[in-house]
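Reader: I'd like a close look at one part of this protein, namely the strands and how their side chains sit. Could you walk me through it, and then take in whatever else helps fill out the picture?

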Amino acid sequence: MTAQLQGQAADDVCPAQVTTKGMAQGTQVLTAEGLLPVEFLAPGDRIITRDGLRVLVDVSMHVMVGDVVRISASSQGHARPEEDVVLGCDQALLIRDWRAKALYGAAQAVVPVERMIDGELVRRERASGLRMYRLEFASAAVVYAGGLELACNAVPVAA
């Protein structure tokens, strides 16, 4: 990754004026052709989602200067993610473990990744010049990216 990142206070949440959805350049997305970096995707590509194969409608890219969330390798259990993953603060993440039950009283929950910040394994960082990509589908979808389950076009249950 060519962008510069620097650590921030452990329990700060991302300020609303700079939050965004999306994943950093280099994040591997599971497609019908195998794992591909998000920057290689284009409208019409077939993406594997929790609901089966879906056609990608749009991919947007912007250069991030502001806060992002870094999820450390293996921080989510079962060796997930395999490598560090950098996401926009508002990127929705599907959680399906004890955290969903403890925090939301459900077997699974879609939450903004910033709600997962613990200051150690999931932390807020400052990005400068980081390319962020956002995937769009015809309706809500959960994609496999960077070893995580990321919700696209979905409204999180907890903001």
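Author: What follows goes through two strands and their partners, then a loop residue, then a pocket. Keep in mind that this is a predicted model.

Let's start with strand 9, which covers residues 92-95. Ala-92 and Leu-94 point one way from strand 9, and Leu-93 and Ile-95 point the other way. Which of these are buried? All of them are. That back-and-forth fits a general pattern: in a regular strand, side chains alternate between the two faces of the sheet.

Now for the neighbours. Strand 9 runs antiparallel to strand 10 (residues 109-112), and 4 bridges join the two. Here Ile-95 stands opposite Ala-109 of strand 10. Strand 9 also pairs with strand 13, residues 148-152, through 2 bridges, and this pairing is antiparallel as well. In that pairing, Ala-92 stands opposite Ala-151 of strand 13.

Strand 5 (residues 46-49) makes a nice contrast. Its side chains alternate too, with Ile-47 and Thr-49 pointing to one face and Arg-46 and Ile-48 to the other. Ile-47 and Thr-49 are buried, while Arg-46 and Ile-48 are not. So what does strand 5 pair with? Its partner is strand 6, residues 52-55, running antiparallel and joined to strand 5 by 4 bridges. A hairpin takes the chain from strand 5 to strand 6 through 2 residues. Thr-49, one of the buried pair on strand 5, has Gly-52 in strand 6 as its bridge partner.

Next, a loop residue. Thr-20 sits in the loop between strand 1 (4-7) and strand 2 (23-24). Is Thr-20 buried or exposed? Its relative accessibility is 14%, so Thr-20 counts as buried, given that the cut-off for buried is under 20%. As for what Thr-20 touches, leaving out residues up to four places away in sequence, the list is His-62, Met-64, Gly-88, Cys-89, Asp-90 and Gln-91.

Last comes the largest pocket, with a volume of about 340 Å³. How many residues line the largest pocket? There are 18, and those nearest its centre are Gln-28, Glu-82, Glu-83, Gly-146 and Gly-147. Strand 3 (28-31), strand 8 (85-88) and strand 12 (141-145) each supply at least two residues of that lining. Sorted by class, the lining has 9 nonpolar, 6 polar and 3 charged residues. Strand 8 is also worth a second glance if you go back to the loop: this strand spans 85-88, and Gly-88 is among the residues that Thr-20 touches.

How values were computed. Residues numbered from 1 in each chain as written. Predicted model: local features only at pLDDT ≥ 70, side-chain atom pairs only at ≥ 80, totals over all residues. Heavy atoms only, no water. Buried < 20%, exposed > 50% of the residue type's maximum accessible area, 1.4 Å probe, protein only. Pairing = 2+ DSSP bridges. 1 Å grid on protein atoms, 1.4 Å probe; cavity = no way out; pocket = protein on both sides within 12 Å on 5 of 7 lines; lining within 4 Å. Points joined across faces, edges and corners; volume = space filled by probe spheres on them. Nonpolar A, V, L, I, M, F, W, Y, C, P; charged D, E, K, R; others polar. Contact = heavy atoms within 4.5 Å.
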